[in-house]
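Colleague: Before I use these labels, I want the reasoning behind them. Take me through it, label by label.

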Amino acid sequence: MTDNSPPDALHDRNVGRDVRELGALLGNIIEDQTSREVFETVERLRTTAIEYRAGNVDSRTPLQETLEGLDPETGRTVARAFTTYFELINLAEERERVRSFRRDSHEGTLEESLESTAATLAELDPETAAGVLGDVLIQPTFTAHPTEARRKTIKAKLRAVASSLETLDERRLTHKEARQVRRALSATVRSLWQTPQIRDRRPEPTDEARNVQWYLENTLFDVVPEVYEELEHALGMAFEDPPSVPSLLEFRSWAGGDRDGNPHVTPAVTADTLERQRAAVLARYRDALAELSTALSQDGRRLAVTEPVLEGTPDVEPLRDIARRARERYPNEPYRQRLQVMRERLARVDDLRPGGYDSAEELATDLRAIADSLRENGAADVAETHVDPVIRQLETFRFSLATLDLRDHREQHTRAIDELLAAEGIEYGDLDEDERVDVLTDLILQDEAVLDLSATEGLSAETSRVAERFAGLADWQAEYGPQAVDTYCISMTEEPSHVMEVLFLADQVGVVDLPDWSGLDVVPLLETESALSGARRIVGTLFENEAYRQALDARGTVQEVMLGYSDSNKENGFLAANWSLYRNQRRLAEIADDHDVTLRLFHGRGGSISRGGGPMNDALQALPDETVTGSVKFTEQGEAIAETYGNPRIAERNVEQMLDAQIRSRKRVVSGTSETIEAEWIEAMETMAAAARAEYRDLLETEGFVAYFRQATPISVIEDLNLGSRPASRSSGDDVADLRAIPWVFSWTQSRCILPGWYSLATGIEAYLEDGGDLAVLREMYDEWPFFETMLDSAAGALGRTELEIAAEYAQLADEDVRERFEPRIRAEYEDAVGLVTEIARRDDPIEPEWLRESLERRNPYVDPLNLLQTRLLDRDERSQLEEQTLRLTVKGIAAGMQSTG
């Protein structure tokens, strides 16, 4: 990718032109809306930063002097200018991504495409290939974690800008049409400039749920059938008799159901979320059936119409009347007649009238009958174009849009059960772990419930909320179906009893009725080192427990286990956390295999490298083979949702890559071509991880580190930002352990010292080399072991984004004694890590992709002024309200420039 690349047959523009024109447009608007003097100040900061980065000036003194002379109002304008610039440049680079894979697709050179997926499957016999497809289920799970720094209003305007860029780039326009598009683009950017960047209030959980719903309803709902169509086409080209494609995708959400650390997520919020999601998806289906009624106007006198198309009206008098009127309105048009009844049944799903569809599968069955009839009458292309996409949408989104997961901290359930059982004469809190498991097992296996969770009078507030949530769960499953909300995740699981407690509460409200029925997957979240290392004790005990085994069998003998990447990294450091997670994934697979249980791992990945983020296709292919059962689940969080699913073409490409990675991985395991992991590699990782964890823990536990962190990063500002409805800390303690992983990473990212993504990596590698290790072995690991390659490349990305010269400006804000204690130590670890990573990977720069290096070179000179402005404001003991607004704007601008929060 180069800025000077000429337009091609598919596109009229390139990234350089987009950047220049958007920058010029913004500059004109700034001058028009403020003054020539303010515009020139912004330009002077921009050009000075570029000159310094280019090596044409020796220091940042001129930049600092310009910032020093800013009055508060101009300071805010500068922050807004650079923030808006980054938001526009992000769109220009997004457009270039679309150009790149459109071009490669057109030329047949697109990697990780569904064509290559099909070609890989074609290496198998048709039956085995069908088995691989049957195993695969990918479940992206959207969370409301507060890492999205942009307001919803701002995002809507940015999407309008993106639409204008797409029109200018991909359509052949007359001069008049081009002028109209440019005018609309100018108006949108002007409106963007005039719109407040900062939220006046903290978003509520319902706002976050609506945000997630937008991407599902407006992007993925339309993208999913396109992906299926592409895969079916590719398989048709690769196989003489292609295997059928089952449901491979299911979207889930925590927004509205995740109460861990967020007291604002009440049962009322969950109920509202379920109702809104169903209303939204039903509206989409109503539109789809209306469009089908327009399209399927075939004359029945020319067709051999099969009985299932004509049958199917329930024995409900009003529906029989609808069918009669449909025959009168559409004589000799059997598809329209049938669709009229289907539309009426769909309209009755969310009201009390009889005859409505009980499930999305019922509606899909009716549509399959129509599709089969069309094919039998020589209209397969009509079925493929109009009917099959709706069937795929029903299979994927059902009547719930996204299946809702519930989550809470284990302590909430333990305290609630202690209080509830005390009223029944059982002192649960006084029991040891084995006794707790025994008591819960006996109570679950009883025929009658011992608790009435709908009776909350006299209970403490927290116990009432837990009881109301489980009573609500029974009502929600009755109202919306068991599939609408069928998973309960337990944060900070440390003992088997923490899982049994949730099973017990679900049993008390009838969501679980053993041995025949369990409407809930109970999912332990293992995120601490003690929980991960104790996986066999925790999970193995559950598999051997009579009550839990019955529940497991009722759920198809599939156990979901969630792994917490973020907290594991914050506790252990990057290298040790990655190794612990990898090693314990293999351990969990071994435990599941020992007990004839199918394991589904739920990867709690964040958007940033420090929280398990990075390219999803690389991450999926780097998972241990033992864990690749075909079914996989992972979180999608914060700004990563907007970047991945905001643009339909990028969303489609992302889904294709996920499918390609998971199908390839499952095919590799099924065909017996699993990766070989040398014992020497395992020993190397054990040595490196132990030394890295010791160094990381020593840093965090050294006296004064918390003070350094709080003084040398903008954590105090981030804690007060209106980014999400959830508090930044789990408790009021002033310790890193009390801080959530997101603000921990966000703060380091803002200061351009992305310490959580690389600190102690060099210490670990050096310990291995000093212990007799060989650089050649590390290079072999990088070349042949996807886990090690992905881990090292992730660290390289964090190293490449780190700017210690800027970080030193933040360090100057810390007290001299703590600064001298920590800054040299962090700098030395960084420099050693850069040297070792580049030596192992055999490249000159930590960041390998040329396009990413170009992007950073384009962005860095523009981020620098925001960082320097932020440090100046942080250094003030007192700030005016205007300066506080400016400070918050710098946070948003740096996040946009770094394309990351936490």
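**Labels and their cut-offs**

Modeller: Arg353 has a relative accessible area of 39% and is partly exposed. Bear in mind that this is a predicted model.

Colleague: Why is Arg353 called partly exposed?

Modeller: Buried means under 20%, exposed means over 50%, and partly exposed is in between. Arg353 has 39%, so Arg353 is partly exposed.

Colleague: What makes Arg353 and Asp351 a salt bridge?

Modeller: The cut-off is within 4 Å, from a side-chain nitrogen of Lys or Arg to a carboxyl oxygen of Asp or Glu. The closest N and O atoms of Arg353 and Asp351 are 2.8 Å apart, so the pair counts. Asp351 has a relative accessible area of 29% and is partly exposed.

Colleague: How do you know that Arg259 forms a salt bridge with Glu462?

Modeller: Their closest N and O atoms are 3.4 Å apart; that is within 4 Å, so the label holds. The pair links distant parts of the chain, 203 residues apart. Arg259 is in the loop between strand 2 (252-253) and helix 10 (267-295), and Glu462 is in helix 18 (residues 461-480).

Colleague: Which of the labels buried and partly exposed goes to Arg259, and which to Glu462?

Modeller: Arg259 has 6%, under 20%, so Arg259 is buried. Glu462 has 28%, between the cut-offs, so Glu462 is partly exposed.

Colleague: What makes Glu96 and Arg99 a salt bridge?

Modeller: Their closest N and O atoms are 2.7 Å apart, so they fall within 4 Å. Both lie in helix 4 (residues 72-107), three residues apart, about one turn of the helix. Glu96 is buried, and Arg99 is too.

Colleague: Which network of salt bridges includes Glu96 and Arg99?

Modeller: The one that links Arg13, Arg17, Asp18, Glu21, Arg95, Glu96, Arg99, Arg102, Asp169, Glu170 and Arg182. The whole structure holds 83 salt bridges.

Colleague: What makes Glu435 eligible for a patch of negative charge?

Modeller: A patch takes residues with over 30% relative accessible area and no salt bridge. Glu435 has 37%, so Glu435 passes the area cut-off. Asp432, Asp434, Asp438 and Asp442 gather with Glu435 on the surface. Glu435 lies in helix 17 (residues 433-445).

Colleague: How do you know that strand 8 and strand 9 pair?

Modeller: Pairing needs at least two bridges. Seven join strand 8 (residues 558-564) to strand 9 (residues 598-604), so the two pair, and they run parallel. Val558 stands opposite Thr598 in strand 9. Eight strands close into a barrel, in the order 1-2-3-4-7-8-9-10.

Terms used:
Residues numbered from 1 in each chain as written. Predicted model: local features only at pLDDT ≥ 70, side-chain atom pairs only at ≥ 80, totals over all residues. Heavy atoms only, no water. Helix = DSSP H or I, 4+ residues; strand = E, 2+ residues; numbered from the N terminus. Buried < 20%, exposed > 50% of the residue type's maximum accessible area, 1.4 Å probe, protein only. Patch = residues over 30% accessible without salt bridge, like charges linked within 9 Å, V, L, I, M, F, W, Y side chains within 5 Å. Areas by Shrake-Rupley, 256 points an atom, 1.4 Å probe, with all protein chains shown as cover. Lys, Arg positive; Asp, Glu negative; His and termini not counted. Charge placed at Lys NZ, Arg CZ, Asp CG, Glu CD.
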